[in-house]
Structures are given as structure tokens and as C-alpha cells.
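Here is a short report on a two-chain complex. Keep the structure open while you read.

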Amino acid sequence: MERLRQMLNTTAVRLTLIYTLLFGILAVGVVVYVSYNTGRIIISQIQSTVDEEINQIARNSRRLGVRNLIPMIERRSRQPGANLYLVSDASGRIIAGNVRDLDRKLLQEDGWQVPPFKYQRFSEEDPEGLAIAKVFTLPGGLRLLVGRDIGDAERFRQIVGRASTYSLMVMVFTGLLLWFFVGRRALKHIDSVSKSSQQIIDGDLSQRLPLSGSGDEFDRLSNSLNALIERVEKLNTGVRVMSDSIAHDLKTPLTRLRNRAEAALDKSADEAVLQDIISDADGLIKTFNALLMISQVETGARAVQFDSNQLSPILQDVHELFEPSAEELGIELTLKIESQASVQCSRELIAQALTNLLDNALKYGLSAEKPKIELRLYETSGEARISVCDNGNGVPGEQQQAVTERFVRLDASRSKPGSGLGLALVKAVAKLHSGQLTLSDNQPGLCAEISLPIAT
Amino acid sequence: MNVLIVEDDQQLAEQLVASLRENGHETVHVGDGLAGEHQANQMAYDVMIVDRMLPQQDGLTMISNLRRSGVKTPVLILSALGQVDDRVTGLRAGGDDYLSKPYAFSELLARIEILGRRAENQSADTTVKIADLILDRIGHSAERAGQKITLQPREYRLLEYLMRNEGRLVTRTMLLEHVWDLHFDPQTNVIDVHISRLRAKIDKDFDPPLLQTVRGRGYRLAHPESADE
């Protein structure tokens, strides 16, 4: 019952019903119109035939006299398929013709008796029939009635009427059938979509809405929704992976912090242990700050103020900041400025991104025999590009995407200090500036390149 | 120093009060922006520590109101927001320094000590002297025990900042801010290398060493005997 109510409630059903109703009314209209007109045409044909005959009879009676009229009528009456003829005297007594009986009142007035009347013929086989007739007063007070049976026209009307009733019934039945199948199909589709949606709501984001494969409007809708779900799933996975990594990456320093605090308690505060505790806590704060910074950069384009800045002074500052460290480590750090381009940017963020890149290069470029780092600014096709290239171990091609995610570190670098957040921030900064971060193989080593659109 | 703390987080405020007292500062604590404005108008403080988000009236409004009514007390703004531009808007509203949560207490202490004594440091003296180290602010050079020391421009700015804040702890973040004009947390030891280069120039061949490392916190430039910690 509930199912039926649902089916009645679908758009398909409502449309089917409306169409059936409209077509029904139209069809009935056409049938009524056709049968009415057909009837009228038949009757007017009968009328003109009868008129013609009366004229003929009138002419004959004038020429030959009323006396010869009776035999003429009798003769005509006996012809096969004859019209109705009746001659009566002024009192209404039937004198001649092939009509045995009819309503006598009809004879009292001249002219057409259009509403069909009942009559009885003389021949036995003929039952009572319907006819229309014209009454005519002959000289001498005789009345002549000439008419024609309209049974054929009536029968025709009945056939048409029956045919249209049948076809109407077929139409309604087809409509109902159509409604049933279309409605059921739509409902079935919607039911399966609702079922999948419920599973998705319950947390199974790997579910997708079913497609019928016909490419119809339902499929198109399901397709867009599937794309939406996929995006949500991706974001959700991202959040989960990140919170897992945060939990994982912070567990070690927190445990260490706790153990050191415990040790400090035992030895009544050895200063070195306390210093270690502070630096552990500082490390944690740094990680949190970096995480906060990344998410702020990723989401908060609104709050960061961009100015038109020439890039070369920023590079010079960062180079100058790192130069002593590189020298200390025996790394040859070179600065190549090949562009004086200005870009709309936040000096702070660009500087921080470069700091992260150089920091990485110092850490991972060391493995080379003659470690070299090149910090370079150049222009190409409307973009300013800043590259930091080292000749260290580099990052294998298949990992280059991954290392720009939060907390992703190469296994080989896990032993080195660092939070695994550096490149994630660089990527976020590049994105915020409508640019991008590209990692490539420097053979050997890694090239990290930030491209930024040049201000116009 | 007299420190006014305007902070609505009770726990954090209590911790701040206790730690500042331990370091020899007087503190007054209020919990909302209106009370803070009232207090600051009533009494002369050396430094104010103001949280950005406060009940009644937010920190920035409070600071700009105070500045309009002529209160010049240096303000350190604390904030949980901590984005680059928050700092800019904070300073524009009349704050003097900006620190985002979570912060290390030593960082906060170093900053308010420098803020509180800033007035004394605005001297137009052309030379600054610590022990036998003399900084020439016109020639951008230095000499120690009568020997001329050649400094790179950045080294000069580093030394000048350290000397202006004689005897006080200066954190790496503060150095990056004031010497390089970069406002972020240096994740690396780049600053340390600059310091050790400077140290090689001003301390290596001389006695006593003036540039001290405060482990886990930062640096301090002072005559060893005059160091109070």
C-alpha cells in the first residue's frame, strides 16, 4: 500500500496521468465531433433526396392529377429499398403508401419532421424503425408524407461510438501500464540511490551511487554526486592520514619528554636534563606552529597581505642568512639572479618557503662528495621561477609527489632532525600565490622549483 | 618592572603572573578589555601584555583607545591566531611586539624585558660601549681593546641589536625579526652560525668573552661580571 502511495507520488506517474487525461478528453472530443458531423451530413443528404422526390411527385400530381397519384405512390412504395410514403386524407386516414402506422399528429403540419420518429412498415419482417420525413399538402386536401429510414445513419453512429469507447479503454489501459512501469523504474532507481546514500551517510565513503548505464538524467545526477562523494572521501582520507601522522609523529617526542621529566624528578633536576626537556617541548611547539602555519596558508588567503615585491632582494636576504651555515658545512652555496621580476606576494611567506627549501638542501645535499647548492631566480613565459638545486641523494621520482604532503619523509631521512612539514608549507605558499612547487631530478640531487605569476 | 596582564584565560594568566614574579616583576592581572583599558589609564605600567581576543572589548580596540588617549606604555600582543598579517594589524593598532601562542615563556620574558627598557635605549649616542667593546653607530664599525674590527653590514646590525639590549636575553626569533626583518620561527641553526662568526670577531682574541649563549633560549651580550643571572 505504502509502495503504491509512493508510486502515485512520482513525477513520472503524475505526468502519465495528466497525459492520459488530456489525450482522453481530446479523443472523446474528436469522436463526438466526427460522429455528430457524419450524422448531420447523412441527414442533410436524406433531406435533399426527399425534397427532390416531393418536388417530382408534386410536379407529376399537377400534370397528371391527384387521381393518378395514388397508383404512383403505391408503385414507388413497392420498389426495393423504397422510401417511406404515406398519403392520408384530411381526417388523417391512411389511403396509400407503405407505412402501416405512425404518430398521426405528424401529418397535421406541413414541412420537415426532423426529430426522428418511430414508424411501422407494412412488410412483416421490418420491425419498428426510425425515420425523418416531410409532410406536404396536395391539392384536394390530401396529405403526402415522404420520408427515409435513418437506421443506417444511427448504426454508423453506434459503430463509431463503440470503436472510440474501445480505443479509449485501450488508451487508459496503456496509460496505466506505462505509469506502472515508468513509475516503478524511477522508483527502483531512486530506491537504490537512497540505499547507497544511506550507506555513505553511515560512513562508508567508498560507496558510490549506482549507475544504470543508460546515460539518462538519473545517471547524470548520480555521476555528479559521485564526483562530490569522491572529493569528500579524498578530503576525509587526507584529514585522517594527517591526524594519524600527527598522533604518530608527536608520540615519540612526547614520550621522550615525559621520560626526561621523570628522570629529572629522580635526580632532583639535573640542569642538562631540564635543558633537554625544554628543547623537546620547543620542538613540539615548532611542529605545532608549522602545522598551524600550513593550514592557515592553505585556507586563509583572505588574511595575508600581498604587496608587489621584487624577488631578488628576498633571495639575497635568504642567501645571506644561509651562507655562513653552508660554508660551515663545506657546501658551496651559489646565488644566481637572472631576473628583476616583481610579483604580488607576501615577502614573509616567500622567505619562509625559501628558508625551508635551503634548510632541506643543507640537510640532504650533504651526502655528495662536493656538495653544491644553487639558489637561482629566472623568468620564463610570464612566470618567475625560484629554484633550489642540490647534488645530494635526491628524491626518487615516484616519491616526489608524496614528500610534499604533511609528515611524509623518506625512510632514509627519518634519522635526521625535521618534522616532515617543510615542503608541505612550501607547496601551500606556492599555491597561495597562484603558483606551484615542482620537484625534479637534478641528476644527482633534487631541484625544488617555485613558479610564481609575474605581476603585470 | 610593573607589568599589566590583560588575559581572559585564568590558568594562563596565573602561570604568567607566577613566572613574572619569579623573575622579579610586579604584575597586575585583569580579565577583560574594558578593565584593562581602565587599569592602564589609572596607573603607569612599564609593559602591558594584552591578549588579542578578550571579552567586553577586544585587545586591538583597547590598545588603539589607549594610544588615542596618550598612553604610550609598550604593549606585547599575545594571540592564538599567529598569522603573518595578524602581526601587521596588531602592530598597526599600536602594539609594539607580537607573540603567538603557543610560546616559550623565555621568549615572552626576553621580549617584555626589552620592551620595558626600550625607552632607555632610544639614546642617540653615536657610540655604545660594553667593557672594552665599542660600537661606532656612524661609521658602522666596532673596535675592541683599541683594535679595529671590520664588520659585514649584517654583522654590524646583529652586534648593534645585541649591544642595545646589553645584559638581556635575546632569542633567535627576535634576532631574525630585528636583524633580517623576517618574522617566523627559524627551524634551523642558521642564526647560531652568524652568532659564532660574530663571536669569532669580537671575542676570540679578547678577554673576557662578552657574547654568551643561553642554552635553549638565545644569547646575551654583557660583561660576565655584570650578568645578573
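## Strands, helices and the contact between the chains

Begin with a hairpin. Strand 6 (residues 127–130) and strand 7 (residues 133–136) of chain B pair in the antiparallel sense, over 4 bridges. This is a predicted model. Two of the residue pairs can be named. B:Val128 has B:Leu135 of strand 7 of chain B as its bridge partner. B:Lys129 has B:Ile134 of strand 7 of chain B as its bridge partner. The hairpin has 2 residues between its strands, and B:Ala131 takes a positive phi near 50°.

The hairpin belongs to an open sheet. In chain B, 4 strands form this sheet in the order 6-7-8-9, with antiparallel pairing. Strand 6 and strand 9 (147–149) of chain B are the edge strands, each pairing on one side only. From one strand to the next, the twist averages 20°.

Chain B also has an open sheet of 3 strands, in the order 10-12-11, and its pairing is antiparallel. Its edge strands are strand 10 (170–171) and strand 11 (211–214) of chain B, each of which pairs on one side only. Strand 10 of chain B is joined to strand 12 (residues 218–221) of chain B by 2 bridges, and the two run antiparallel. Here B:Val170 stands opposite B:Tyr219 in strand 12 of chain B.

Now the helices. Helix 1 (residues 10–22) of chain B has 13 residues. From first C-alpha to last, helix 1 of chain B reaches 18 Å, close to the 18 Å expected at 1.5 Å a residue. After helix 1 of chain B comes B:Gly24, with a positive phi near 85°.

Helix 7 (residues 153–164) of chain B passes the same kind of check. Its 12 residues should span 16 Å at 1.5 Å a residue, and the end C-alpha atoms are 16 Å apart, so the two values agree. Which residues of helix 7 of chain B are buried? They are B:Glu155, B:Tyr156, B:Leu158, B:Leu159, B:Leu162, B:Met163 and B:Arg164.

B:Arg92 lies in helix 4 of chain B. B:Arg92 counts as exposed because it has 11 C-beta neighbours inside 10 Å, and the cut-off for exposed is 12 or fewer. B:Arg92 and B:Leu60 are 32 residues apart along the chain, and their C-alpha atoms are separated by 9.2 Å.

Some backbone angles deserve a look. Most residues other than glycine have a negative phi, and most peptide bonds are trans. The table lists exceptions in the loops.

| Residue or bond | Angle | Loop |
|---|---|---|
| B:Gln56 | phi near 70° | between strand 3 (47–51) and helix 3 (59–68) of chain B |
| B:His140 | phi near 50° | between strand 7 and strand 8 (141–144) of chain B |
| A:Gln443 to A:Pro444, cis | omega near -5° | A:Pro444: between strand 12 (436–441) and strand 13 (446–453) of chain A |
| B:Asp207 to B:Pro208, cis | omega near -5° | B:Pro208: between helix 9 and strand 11 of chain B |

Are the residues with positive phi in the table buried, exposed or partly exposed? B:Gln56 has 14 C-beta neighbours inside 10 Å, so B:Gln56 counts as partly exposed. B:His140 has 14 C-beta neighbours inside 10 Å and therefore counts as partly exposed.

Next, the contact between the chains. How many residues does each chain give? Chain B gives 22 residues and chain A gives 27 residues. On the side of chain B that touches chain A, helix 4 (84–92) and helix 9 (190–202) of chain B are the elements that give two or more residues. Helix 9 of chain B gives the most, with 4 residues. The residues on this side of chain B divide into 9 nonpolar, 8 polar and 5 charged.

Finally, the chains as wholes. Chain A has 9 helices and 13 strands. Chain B has 9 helices and 12 strands. Of the 456 residues of chain A, 28% count as buried. Of the 229 residues of chain B, 40% count as buried. In chain A, 62% of the contacts with a separation of 6 or more are between residues 24 or more positions apart. In chain B, 55% of the contacts between residues at least 6 apart in sequence join residues at least 24 apart.

On confidence, chain B averages a pLDDT of 84, and 93% of its residues score at least 70. For the complex, the predictor gives an ipTM of 0.73 and a pTM of 0.61.

Key. Residues are numbered from 1 along each chain as its sequence is written. Chains are lettered from A and ligands numbered from 1 in the order in which they are written. This is a predicted model: local features need pLDDT of at least 70, side-chain atom pairs count only at pLDDT 80 or more; totals for chains, interfaces and linings use all residues. The expected span of a helix is 1.5 Å times one less than its number of residues. Two strands pair if DSSP finds at least two bridges between them. Axes are lines fitted to C-alpha atoms, for helices over the stretch in contact, and angles run from 0 to 180 degrees between N-to-C directions. pLDDT is the predictor's confidence in each residue, from 0 to 100. Two residues are in contact if their C-beta atoms, placed from the backbone, lie within 7 Å. Ala, Val, Leu, Ile, Met, Phe, Trp, Tyr, Cys and Pro count as nonpolar, Asp, Glu, Lys and Arg as charged, and the others, Gly among them, as polar. A residue is buried if 20 or more other C-beta atoms lie within 10 Å of its own, exposed if 12 or fewer, and partly exposed in between; C-beta atoms are placed from the backbone.
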